[in-house]
Amino acid sequence: MTKARKYFGALALISGATLSLVACGNNKHTNNSNANKTNHKFSETVPVKSIKTLTYAVESDSPFTGIFLPELSDTTIDSEVQSPGLESLFSTDDQYKINNKGAATFKLNRKAKTITIEVKKGVKWSDGKQVNAKDVEFAYEIIANKDSKSQRYTESLADIVGLAEYHEGKSKKISGIEMPDGENGRKVVIHFKQMKPGMLQSGNGYFWECAEPYHYLKDVPFSKLLSSDKVRKSPLFFGPFRVSNIVRGQSVSWERNPYYWRGTPNFEKVTASVISSSSATQAIKSHKFDIADVVNTQWDQTKNATDTNFIGEVPLSYNYLAFKVGKWDKKLGKNVENKNAKMNNPALRKAMAYAMNIDAVAKRYYQGLAFRVNTLIPEQFGDFSDSSIKGYPYNLKKANQLLDKAGYKKKGEFRVQPNGKKLTINLAVRNNSTTAEPVWRNYIQQWKKIGLNVKFVGGRPMEFNNWVQAVQSDDPKIDVFEGGWSLSSEPSPNDLYSAAAPYNMARFVSPVQSKLLADIDSEKAFNHKYRVDAFRKWQKWMYNEAYVVPTTNSYSITAVNKKVTGWSLKPSATNWFSAGFVKYNIT
């Protein structure tokens with residue numbers, strides 16, 4: 001799923017597949033110049049040259065929810081369909097470091113414990129009104145007000161002075177957000193309790209990177225935002241395009257935003273449409289769409305498409321297996337672990353990981369474009385990733401030994417719990433591709449080989465939106481679930497796995513982990529060597545406890561019609577503004 005949009009500073013659920021933590025308005029493709037050394041098969045961009053309607057495919061076997069408000073939306077599908085209009089306050093370089101080339105400037109003062117944001121003059125909403133200081137603050141109010149039911153409120157954001165008090169209803173204003181020139185000014189000063197080493201990076205989770213139109217939404221109660229027509233049918237953006245038509249769950253048509261601050265986008269119109277994963281290959285080969293992601297399991301059938309450029313990357317993401325050991329306590333606003341939970345035994349969790357023949361599955365079903373991941377900090381994050389951790393390579397002997405030693409004895413075909421009770425493990429799986437069911441039936445057979453009785457919740461993989469609801473609400477029928485995170489560009493895992501993180505959907509809590517996470521984001525961690533060491537200690541702890549086990553990542557390949565130029569997967573790219581059609585295709 002999505003890292004709490006660290007946004008978000010952290011997350012979103014991957015398109016019909018995952019939650020994600022990417023930063024507001026950033027391109028969904030997240031790469032790094034120090035990227036995984038396996039990222040060598042594809043270039044990152046197509047040649048630049050120089051206007052009609054761009055057709056854009058959003059591949060999903062489920063409709064998009066249509067929540068055009070990133071403070072309330074946490075799925076990659078919604079992020080994709082609103083990307084022509086949704087723009088972050090900040091631009092970044094290709095290492096995700098925030099610069100002043102975007103809609104707002106950014107200045108960090110470590111001594112004063114502040115960040116100053118100033119929206120540029122001429123940055124306007126798609127109704128022509130200047131984006132102002134109140135719009136920046138209003139986004140925080142949406143996240144922190146309990147009535148909005150946002151999943152974006154995190155322990156990291158609570159580092160802002162007064163945000164927790166506002167969240168708890170103890171204050172009507174967020175005291176740590178100052179507007180020196182008033183609500184209609186363009187400057188905002190955010191005060192923090194502590195400064196964090198990741199604050200110079202987009203997606204860090206300690207401040208939000210979006211603004212929302214207060215003048216347009218102020219009359220909508222927070223409790224009604226999620227269902228409001230102003231959010232679902234006629235949202236405002238300050239990006240290159242504005243909404244012209246929405247077909248609920250299926251498509252969004254966009255026209256140029258006449259007030260866009262950078263100037264006139266090259267494309268006249270954009271249409272983003274949902275198509276099923278099974279239709280992707282034919283859609284690419286027939287040029288039904290100008291931009292479409294390749295389904296990796298269909299690469300062999302797609303790679304020879306004519307008049308098509310293929311560009312690719314290893315995204316900042318991973319799939320995982322998570323073990324439910326607790327629940328989310330709404331009153332306390334944190335996770336509560338059940339020490340007696342069925343899956344609260346590290347030996348059982350590790351045995352299931354070792355029994356998964358991931359390498360064989362990646363080769364058979366994903367045509368060499370998927371690979372096993374060993375740790376929860378991907379190697380794109382350079383020395384923060386601990387390459388000494390080898391993960392859980394396929395090893396049935398070790399799996400059986402772990403279960404035997406932990407007291408999971410065989411009783412007939414299957415093992416029983418150490419207390420002698422029957423052991424049935426209920427697995428929740430996303431039905432996010434045509435291979436989901438055969439892949440996970442394979443794993444169920446692997447677990448059977450070590451004596452574990454694992455069954456699909458509901459008898460089969462779940463429709464994606466139902467899976468999201470069941471996992472986030474801690475459906476008691478779920479013991480284990482698989483998912484995927486599209487990560488933010490700042491590697492801190494705090495918003496995904498801390499005690500107060502809603503996205504910690506395994507619901508594990510540990511004082512040891514809390515200290516390890518605090519070290520990663522401490523003042524001491526402004527020292528790079530200290531932070532590297534802190535990251536590695538946390539990764540080893542997670543590896544040993546195995547509450548969440550990384551499984552795979554894969555190349556992300558995009559098919560780009562040759563009539564499109566300048567489309568790029570680089571973090572600094574401004575595709576919706578700068579990409580266009582080649583001149584000889586203009587009519």
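pLDDT is the predictor's confidence in each residue, from 0 to 100. The structure described here is a predicted model, and its chain has a mean pLDDT of 91. A value of 70 or more is reached by 91% of the residues.

**Low-confidence stretches**

Two stretches stay under 50 in pLDDT: residues 1-21 and residues 27-39. For residues 1-21 the model has 183 contacts beyond four places in sequence. For residues 27-39 the corresponding count is 45 contacts.

**Positive phi in two loops**

Tyr 96 and Lys 113 both have a positive phi, and neither residue is a glycine. The table sets out phi, loop position and accessibility for each.

| Residue | Phi | Loop between | Relative accessible area |
|---|---|---|---|
| Tyr 96 | about 70° | strand 4 (91-92) and strand 5 (98-99) | 3%, buried |
| Lys 113 | near 60° | strand 6 (104-109) and strand 7 (114-119) | 33%, partly exposed |

Tyr 96 has a relative accessible area of 3%, so this residue counts as buried. Lys 113, in the loop that leads to strand 7, is partly exposed because its relative accessibility is 33%, and this value falls between the limits of 20% for buried and 50% for exposed.

**Ser 522**

Ser 522 sits in the loop that connects helix 14 (511-520) with helix 15 (528-545). Its relative accessibility is 16%, which means that Ser 522 is classed as buried, the cut-off being under 20%. When residues up to four places away in sequence are left out, Ser 522 touches Pro 197 and Tyr 530.

**The second largest cavity**

Helix 15 also takes part in the second largest cavity, where this helix and strand 24 (548-550) each supply at least two residues of the lining. The space in this cavity comes to about 80 Å³. Its lining includes Asn 374, Thr 375, Leu 376, Ile 389 and Tyr 392. Further along the chain, Gln 539, Met 542, Tyr 543 and Ala 546 belong to the lining, as do Val 548, Val 549 and Pro 550.

What is the make-up of this lining by class? There are 9 nonpolar residues, 3 polar residues and no charged residues. Among the lining residues, Asn 374, Thr 375 and Gln 539 are polar, while Leu 376, Ile 389 and Met 542 are among the nonpolar ones.

Technical notes:
Residues are numbered from 1 along each chain as its sequence is written. This is a predicted model: local features need pLDDT of at least 70, side-chain atom pairs count only at pLDDT 80 or more; totals for chains, interfaces and linings use all residues. Side-chain values use heavy atoms; hydrogens and water are left out. Helices (H or I, at least four residues) and strands (E, at least two) are DSSP runs, numbered from the N terminus. Buried means under 20% relative accessible area, exposed over 50%, partly exposed in between (1.4 Å probe, protein chains only). Contact means heavy atoms within 4.5 Å. On a 1 Å grid over the protein atoms alone, a cavity is a set of points where a 1.4 Å probe fits but cannot get out, and a pocket is an open set with protein on both sides within 12 Å along at least five of seven lines; lining residues have an atom within 4 Å of a point. Grid points are joined across faces, edges and corners, and a volume is the space filled by probe spheres set on the points.
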